[in-house]
Amino acid sequence: MTGKTFRISELADALGTTARTIRHYEAEGLIRPNRSGGVRLYTERDRKRLLAILKGVRVGFSLATLRELLGVRDLKSDASTTQLTHALALFEDRIADLQRQKSDIESLLTDLHETKSSIELALAGKGHRMPSLGARPKLIGYGLQPGDE
């Protein structure tokens, strides 16, 4: 074997994951390290593949979908138009899902901030000191500002 190799603990540390996670992806057939005397040895190609798996999981792809995408990736220029079109559709669907989630989160954050501001205004109207501000807030415009004391 030529080139740099990594033991499982080195690879886990380098990628910010655990050896258990790497063994799981190996058991799922997503990576296949070489072995030397019972020790797993990962190549640079394995490192890049595992990085792609970790990114894919992070954005929400299932392991089955990742298996498909990695298959297309492995084929590179030999992948058929159908395979590439299918992979593109998977990415487009995931992007659309994440965009919807982002919009939902932004809406929820707006609601939470508005409700929080209403509570702060109610407390300020009762003369309550805002612990997070350290001073009695003044009502200024649409928000609260720390008061001068």
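The buried residues of helix α2 pack against quite a list of partners: α1 (8-15), β2, β3, α3 and α4 (63-75). The model is a predicted one, and α2 makes a handy place to start reading it. The helix spans residues 19-27, and its buried residues are I22, Y25 and E26. Because these three cover an arc of only 105° around the axis, they sit on the same side of α2. The spacing fits a familiar rule: an α-helix has 3.6 residues a turn, so residues three or four places apart point the same way. Over on the other side of α2, R20 and A27 are exposed. Just past the helix comes G29, with a positive phi near 80°.

Two of the partners of α2, β2 and β3, belong to the sheet. This is an open sheet of 3 strands in the order β1-β3-β2, and the pairing is antiparallel. That leaves β1 (5-6) and β2 (34-36) as the edge strands, each pairing on one side only. On one flank, β3 (residues 39-43) is joined to β1 by 2 bridges, the two strands running antiparallel; here T5 has T43 of β3 as its bridge partner. Helix α3 (residues 44-58) packs on the sheet, where it touches β1 and β3, and its direction makes about 80° with that of β3.

On the other pairing, β2 and β3 come together over 3 bridges, again in the antiparallel sense. R35 finds its bridge partner in R40 of β3, so to speak arginine to arginine. The connection between β2 and β3 is a hairpin with 2 residues between the strands, and G37 in the turn has a positive phi of about 60°. As for what holds such strands side by side, strands of a sheet pair through backbone hydrogen bonds, either parallel or antiparallel.

Turning to empty space, the largest pocket holds about 220 Å³. Its lining is made up of A52, K55, G56, V59, F61, L66, L69, L70, R73, A87 and F91. Three elements give two or more residues to this lining, namely α3, α4 and α5 (81-125). Which of the elements supplies the largest share of the lining? That would be α4, with 4 residues. Two of these helices have come up already: α3 packs on the sheet through β1 and β3, and both α3 and α4 are packed against by the buried residues of α2.

How values were computed:
Residues are numbered from 1 along each chain as its sequence is written. This is a predicted model: local features need pLDDT of at least 70, side-chain atom pairs count only at pLDDT 80 or more; totals for chains, interfaces and linings use all residues. Side-chain values use heavy atoms; hydrogens and water are left out. Two strands pair if DSSP finds at least two bridges between them. Contact means heavy atoms within 4.5 Å. Axes are lines fitted to C-alpha atoms, for helices over the stretch in contact, and angles run from 0 to 180 degrees between N-to-C directions. Buried means under 20% relative accessible area, exposed over 50%, partly exposed in between (1.4 Å probe, protein chains only). The arc is that of the directions from the helix axis to the C-beta atoms. On a 1 Å grid over the protein atoms alone, a cavity is a set of points where a 1.4 Å probe fits but cannot get out, and a pocket is an open set with protein on both sides within 12 Å along at least five of seven lines; lining residues have an atom within 4 Å of a point. Grid points are joined across faces, edges and corners, and a volume is the space filled by probe spheres set on the points.
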